[in-house]
Structure formats: C-alpha cells, structure tokens
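Trainee: I'd like to practise reading side-chain pairs in a structure. Can we go through one together?

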Amino acid sequence: MKSFPNLAVLGTLLGLAGALPVAHAAVSINAGGQGYSQNFDSLATSGATNAWVNDSTLAGWSLFRQPVPGTAITAYAAGDGSSNSGSFYSFGSAGSSDRALGGLGSGGSYFGSPASGTVAGWIAASFKNSSGSALNGFSLSFDGEQWRNGGNTSAQTTVFEYGYGASFASVASWTAPGGGFDFTSPTHTATAGLLNGNLAANRSAGLGGAVVGPWSANDTLWLRWIERNDVANDHGLAIDNLRFTAGSAVTAVPEPTTAALMAAGLVAVVMLSKRRLQRR
C-alpha cells in the first residue's frame, strides 16, 4: 500500500517556504563596459493603487519609504500630474504608454507620515558586479521630468546618491556626487496644476555623468533618488530614459616573482661593477 505525506505537515512546510526571504535580484553586470537602459514604459498607465513588487515589477528596481533604512512600498499610482496625493507615480500623459518613474512627497500614511522637510522615500536600482574582476566605477545618464507644479514658488530637488551593499538596508554609506546628477524642478510658480514632463520647459535631459572608483567583484552597487516631503506643496518630479554603463575592468598588476627580483638584483650588481671599473 502506497503511503502519502501528511497533508497538514505539507501545508505547514509550504507555508514556511512562502515566509522565507526572497533573494535580491540585482541587474547582473557580467563584463566591463556592459550597458543597461530603462525607459519605464512597462509601468501602468492608469490606476491609483497598482501593485508594486521590489525586483519584480521592474527587475532590479525598488521603492522604499522612510524610516531609514527603508520599508518596501507595495503599490504605486499612475497619473498625469493632476493629482496632489502623495505617492510614487508612473507619470505620463493620460493614456500614453510613454512613462516616467517619480513621486510626489507628502506627510501622509503612504510614506509613513514623514515630517515636513524630511525624506519621504527612495527610488532605487541595483547592479551586481558578476564580471569576476573589479570595475572602474560607472557612468549614468537620465532625464529629469516635472509632471506637476505644486503651486510652490520654491524649487525642489531630487537628489541622486550611490553606495555599495548586499541590500539597500546594508549600504554603509551613501555618496552624493551632486552637480549634474541632481534634478531641480524647472517650473515653480504659485499656480498649481499638471505639467507635460516631456516638454523642454519641464525637462532636464542628459543628467548624470561618470563616477570613477573601485567597484569590487561580487559587490552590489545601489543607485537611489531621494523623494522628500518638501516644505509646503510638493512638485511632481520623475526620472526617465536611464542609461547605465559599467566601468572598464581593472587590470591587476602582477607581483614580481622571486626569479624576477633576483634577475633585477643581478642587473643592478653588474651595472654598479661597470661604473666602478670606469672610474679606475
């Protein structure tokens, strides 16, 4: 007679398996100079509570809210900038498949009720150096787009930072290169309303630059854009048309062998002897 596993035990095991943490799925960089691009056009074009799963909705991409080190976001909205509700957004003209990923900060529950003027959340992307050797940094290019004027006459900035760690929470320190890596709202008047982020007046194209520095083999590089709950009404800022290129492989300088050191020493002795003979 065939025996069958106890269904209750099987159910418990399946439940435990579902509770196990899911491995992080960073974009794999397999060689120096490898490129990656993201235009966010696969994001939803409508809906206020679209499901978001880190590393799944967009492979390698995550949304987090404060407090530090970050709590995963599970939903995002799609809009054209007409709404002033605090959320991460798939921004774009109504019904258009041309999307951008951004946010509109607020002190509401979506971002965990951050205080005015503090960080609300982060848009993050991760890349693992699977090339087998150290890489010499990376280069980044993206467009900044403004999809809503919050009616705030103060300009607001989406600050870019990067760091290294196995997970977003384990990054020990973040570096803000500043300058052309940050996107500042081009439109900030007292008239609140939606904007077309694809228009030149509301857009900063080709932001970013080159970051030179060691990116060790097997390390995960994290990029993040800070969404703040700015003082007074927030503007709707987004990133689009991202292009990432890994730096070149770092060629290790081989240590001299014992034979090479002995040969160099012998040459030095011969040269010294010749000089002494010439002086006589």
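Trainee: Is Arg203 buried, exposed or partly exposed?
Mentor: Keep in mind that this is a predicted model. Buried needs under 20% relative accessible area and exposed needs over 50%. Arg203 comes out at 30%, so with those cut-offs Arg203 is partly exposed.

Trainee: Which residue does Arg203 meet in a salt bridge?
Mentor: Side chains of opposite charge can pair when their charged atoms come close. Here the N to O distance is 2.9 Å. The partner counts as buried, at 4% relative accessibility. The residue that Arg203 meets is Asp143.

Trainee: How many residues apart in sequence are the parts that this pair ties together?
Mentor: Look at where each residue sits: Arg203 is in strand S15 (residues 203–215), while Asp143 is in strand S10 (residues 135–149). So the pair ties together parts that are apart in sequence by 60 residues.

Trainee: And Arg224 and Glu161, what is the N to O distance in their salt bridge?
Mentor: Both Arg224 and Glu161 are buried. Their side chains meet in a salt bridge, and the N to O distance is 2.6 Å.

Trainee: Which residue's side chain is joined to that of Asn149 by a polar contact?
Mentor: Asn149 lies in strand S10 and counts as buried, at 2% relative accessibility. Leaving aside neighbours within four places in sequence, Asn149 is in contact with several residues, including His188, Leu195 and His235. The polar contact is 2.7 Å, and the side chain at its other end belongs to Thr189.

Note on methods. Residues are numbered from 1 along each chain as its sequence is written. This is a predicted model: local features need pLDDT of at least 70, side-chain atom pairs count only at pLDDT 80 or more; totals for chains, interfaces and linings use all residues. Side-chain values use heavy atoms; hydrogens and water are left out. A salt bridge is a side-chain nitrogen of Lys or Arg within 4 Å of a carboxyl oxygen of Asp or Glu. Helices (H or I, at least four residues) and strands (E, at least two) are DSSP runs, numbered from the N terminus. Buried means under 20% relative accessible area, exposed over 50%, partly exposed in between (1.4 Å probe, protein chains only). A polar contact is a pair of N or O atoms within 3.5 Å; within protein, one must be able to donate a hydrogen and the other to accept it, and residues adjacent in sequence count only if both atoms are side-chain atoms. Contact means heavy atoms within 4.5 Å.
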